[in-house]
Amino acid sequence: VIPNFSPGFREELDKLFQWRRDVRRFVRDPVDPLVLRQILYHGTIAPSVGNSQPWRFVQVESDERRQMIVDNYKRANAEALEIYEGKKKSKYAQLKLSGLEEAPIILAVFCEKESAAGHG
């Protein structure tokens, strides 16, 4: 059954889409496990081709693995910086692109190419 969303709901959803932002400042506050569970649940019910749902979420908890992710990001970001020249390079270098060190939780998201679910 296709839901019939009221005009009020559609307006609020539109406001939410317009409000969303790319976050550049991060807090270290712990994430409520219930909130994390809800986020992951909503991620798993997102549409996918043929309902294949190929995504896999892994919470990275060990300090060693978290540091490996930070180091990998730093290498990749340094490589990306070399693509640019002049003012663009300077601007890119000033962007805060990572919050990995501040993040209370790191989620790694993977795609399983041979998903057993669906027909994707």
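A residue counts as buried when its relative accessible area is under 20%, exposed when that figure is over 50%, and partly exposed in between, using a 1.4 Å probe and protein chains only. By that yardstick A103 is buried, at 18%. Before going on, keep in mind that this is a predicted model, where local features need pLDDT of at least 70 and side-chain atom pairs count only at pLDDT 80 or more, while totals for chains, interfaces and linings use all residues. Residues are numbered from 1 along each chain as its sequence is written, and side-chain values use heavy atoms, with hydrogens and water left out.

Where does A103 lie? Look in the loop between α4 and β2; helices (H or I, at least four residues) and strands (E, at least two) are DSSP runs, numbered from the N terminus. From A103 to R56 you travel 47 residues in sequence and, C-alpha to C-alpha, 20 Å in space.

S98 belongs to that loop too, which runs between α4 (86-94) and β2 (106-111). S98 is buried as well, with a relative accessible area of 16%. Its side chain reaches the backbone nitrogen of L100 at 3.1 Å, a polar contact (a pair of N or O atoms within 3.5 Å; within protein, one must be able to donate a hydrogen and the other to accept it, and residues adjacent in sequence count only if both atoms are side-chain atoms). Setting aside neighbours within four places in sequence, S98 is in contact with F26 and Y73, contact meaning heavy atoms within 4.5 Å.

Now turn to α3, residues 63-81. This helix has 19 residues and spans 27 Å from its first C-alpha to its last, close to the 27 Å expected at 1.5 Å a residue; the expected span is 1.5 Å times one less than the number of residues. Within α3, R66, V70 and A80 are buried. They sit on the same side of α3, because they cover an arc of only 85° around the axis, taken from the directions from the helix axis to the C-beta atoms. On the other side of α3 you'll find E64, R65, M68 and E79, which are exposed. What do the buried residues of α3 pack against? They pack against β1 (55-60), α4 and β2.

Last stop: L36, in helix α2 (residues 33-44). L36 is buried, with a relative accessible area of 11%. Leaving out neighbours within four places in sequence, L36 is in contact with V31, Q59, I105 and L107. Of these partners, I105 is 69 residues from L36 along the chain, yet their C-alpha atoms are separated by 9.3 Å.
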